[in-house]
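I opened this entry to look up one residue, then a chain contact, then the cores. My notes follow in that order.

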Amino acid sequence: MNVSKPLIALAALVSCICRPVAAADISEKLGGPLASLPFTTEPDGLVDVTAGIVGHSVNLRLDTGGILSMLTETNVDAMGLPRDSVGHSEWISYAGTHVTEYARVGSVRLDRYDASAAKFIIVTDNGLPMDVAGQLGADFLSKYDVEFDSSREIVNIHTPGQCANIWPASTAHEELPMDVTGNGQVTVEVQLDGKPAKALLDTGLGASILSLAAGKDMFGFTTTTPGLKALASHNGAAYLLSYPFKTLAFNGTVIANPSIEIQTNVKQWPDLIIGANILRRMHFCIGYDSRKFYVAAADTH
Amino acid sequence: MARFLSAAMLAMLLLSSARASSVDDFNQGIEAHNRGDNETAISVFSRALASGDLTKNQKRAALLDRGFAYKTKKRYVDAIADFTSVLAIDPSRIDATLERMQSYLGNEQDSLAASDCDTLIKMRPGFAAFYEECGIISWQDGNFPRAVSYFDTGVGLGLKPSIFGLLWWEIARMRAGMPQQAKFALLAKKLNLDGWPSPIFDLYLGKSTPDTVMAAAEKSDRPSSVPGFLHFQDYSPAPIARTTSQDLRRCQAAFFVGEWQLLNGNIAQALPLLNRTETYCKSWLPAKKEVARLAQK
């Protein structure tokens with residue numbers, strides 16, 4: 001006898017009694033995520049999903065490290081979206097260009113789910129690859145729980161709180177406390193070769209980066225540290241280094257031989273940024289509302 | 001039965017391990033691509049693709065990146081094969097079409113490049129840069145009236161034309177014997193240019209001299225902006241924008257002043273300028289084709 005379906009239905013009913021929920025919440029209880037979106041891996045390793053905006057099908061990059069959602073000029077024109085000026089008190093710059101306008105989007109269709117209205121800053125066409133019309137940044141993503149399932153190549157958009165239900169308790173995974181900044185960027189505590197570090201999770205950055213200052217503090221890097229090599233230089237001064245890190249641990253979920261570049265001349269916050277090159281080796285869910293990061297090996301389902 | 005199950009489990013484990021290895025190669029290939037290491041990209045993507053274990057999505061990205069690497073190494077035939085494979089998987093890819101077009105140009109298959117360029121226009125009919133690209137291909141081919149039709153459309157899109165699109169429009173119209181000086185002046189005014197490349201516009205508007213343009217190209221303004229991200233920090237590490245923009249400016253000056261000399265019948269002054277582009281923007285096709293055309297005269 002299959003008892004799981006009635007139990008799910010009962011759970012949904014209890015949920016309805018306890019608090020008023022939108023139709024989308026109920027459908028999630030019954031049928032999984034609000035939207036299940038196959039992703040495309042772009043040449044730089046970042047991922048985008050197909051979304052519908054005023055009847056147009058467009059590819060949008062998912063960027064948990066990017067503060068604002070955006071659309072390119074040509075795509076805003078092609079879709080005939082209404083525009084608003086960026087307020088005088090705001091200074092927004094992207095790809096070296098001052099952003100002056102927003103596009104107002106009534107709703108964004110993700111799979112069968114209509115996400116609520118959003119503002120997208122309008123950027124020059126040079127700001128994003130040709131096949132990408134824009135990006136969904138933290139301002140948009142942080143309204144949901146967002147699951148990246150790398151091995152199935154799917155991004156699931158859940159109602160807040162649903163990350164907790166992705167894996168049964170018996171499945172090996174980790175739940176880490178997570179900070180969310182006022183801009184929606186997320187950080188977690190990780191251990192890099194056993195040393196604790198605060199890390200920004202950034203699906204919009206191809207590489208993972210550690211600042212040299214942090215490298216010195218954490219590992220005592222000097223010019224003679226064995227294994228520390230220059231990856232790129234300018235006028236004889238290295239601005240990018242590599243080091244053979246052994247492990248990056250999210251508590252019990254451990255990434256072996258993580259590829260992390262070391263920046264010598266760029267101020268960054270926080271000291272460690274974990275980009276798409278490492279994130280695509282994991283199955284994770286960002287619980288913005290619960291401030292929890294759920295993570296497991298890429299093939300854990 | 002138990003033996004059969006063990007064998008099946010072993011086979012599954014081996015398959016899973018092989019797949020993991022291919023995914024590792026794929027990930028390494030992406031990283032090599034991102035840091036511009038073409039040799040490694042070609043090597044690890046070739047291994048990953050040969051395994052047959054990549055998903056369709058990974059295969060498309062691997063072929064694209066290996067194609068970029070081949071193209072950078074001027075292995076145009078290999079690049080064209082990879083971009084064609086990408087388009088077989090997903091015919092809507094703009095990047096694969098654009099890269100294949102450029103590879104065709106590098107391989108001197110101009111008619112195939114022109115065909116891809118027309119496809120790009122169909123993909124993005126409102127994107128002026130593609131009309132300019134197709135106009136330049138026609139111009140390189142010596143088909144100036146056809147070039148004019150592309151530049152006309154490109155210049156007419158948007159609130160104002162692109163800066164270099166308008167310069168190309170002007171030289172194509174003059175070469176085709178269809179000058180529209182008054183319209184050129186009007187459109188140039190719309191650009192409201194301040195700084196480079198306004199000296200080139202002044203030359204074509206009859207307000208300046210070739211020497212003034214060449215001298216202006218040597219002046220060093222503030223460096224061009226480097227790409228940034230909407231994060232707290234700018235990850236672009238290489239402080240090379242200044243050098244690049246300076247050489248690019250010299251290249252633009254040499255080319256457009258060279259073309260101006262040619263339009264005024266001064267082949268002896270034009271040729272050394274067009275040849276000089278080789279120093280600043282090596283193997284730039286429009287200049288290369290123009291020099292080849294002059295050599296045939």
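I started with B:Asp25 and asked whether it is buried or exposed. The model is predicted, and I kept that in mind throughout. I found 23 C-beta neighbours inside 10 Å of B:Asp25. The cut-off for buried is 20 or more, so B:Asp25 counts as buried.

Next I looked up where B:Asp25 sits. Its place is in helix H1 of chain B, residues 2-34. I then listed its contacts, leaving out residues up to four places away in sequence. B:Asp25 touches B:Val44, B:Arg47 and B:Ala48. I checked B:Ala48 further: it is 23 residues from B:Asp25 in sequence, and the C-alpha atoms of the two lie 5.6 Å apart.

I turned to the contact between the chains. I have 42 residues of chain A in contact with 35 residues of chain B. On the chain A side, these elements give two or more residues each: strand S1 (35-41), helix H3 (73-79), strand S6 (92-94), strand S19 (229-234) and strand S20 (237-242). By class, that side of chain A holds 17 nonpolar, 17 polar and 8 charged residues.

Last, I looked up the nonpolar cores. The largest has 78 residues. A:Phe120, A:Ile122 and A:Ala199 have the most contacts inside it. Strand S11 of chain A (residues 118-123) gives this core its largest share, 5 residues. I noted a separate core of 73 residues, including B:Ala69, B:Ile137, B:Trp169 and B:Ala172.

I went back to A:Ala199 for its contacts beyond four places in sequence. A:Ala199 touches A:Thr187, A:Val188, A:Val190, A:Pro270, A:Leu272, A:Ile273 and A:Ile274.

How values were computed:
Residues numbered from 1 in each chain as written. Chains lettered and ligands numbered in written order. Predicted model: local features only at pLDDT ≥ 70, side-chain atom pairs only at ≥ 80, totals over all residues. Contact = placed C-beta atoms within 7 Å. Helix = DSSP H or I, 4+ residues; strand = E, 2+ residues; numbered from the N terminus. Nonpolar A, V, L, I, M, F, W, Y, C, P; charged D, E, K, R; others polar. Buried ≥ 20, exposed ≤ 12 C-beta atoms within 10 Å, placed from the backbone. Core = buried A, V, L, I, M, F, W, Y, C linked by C-beta atoms within 7 Å.
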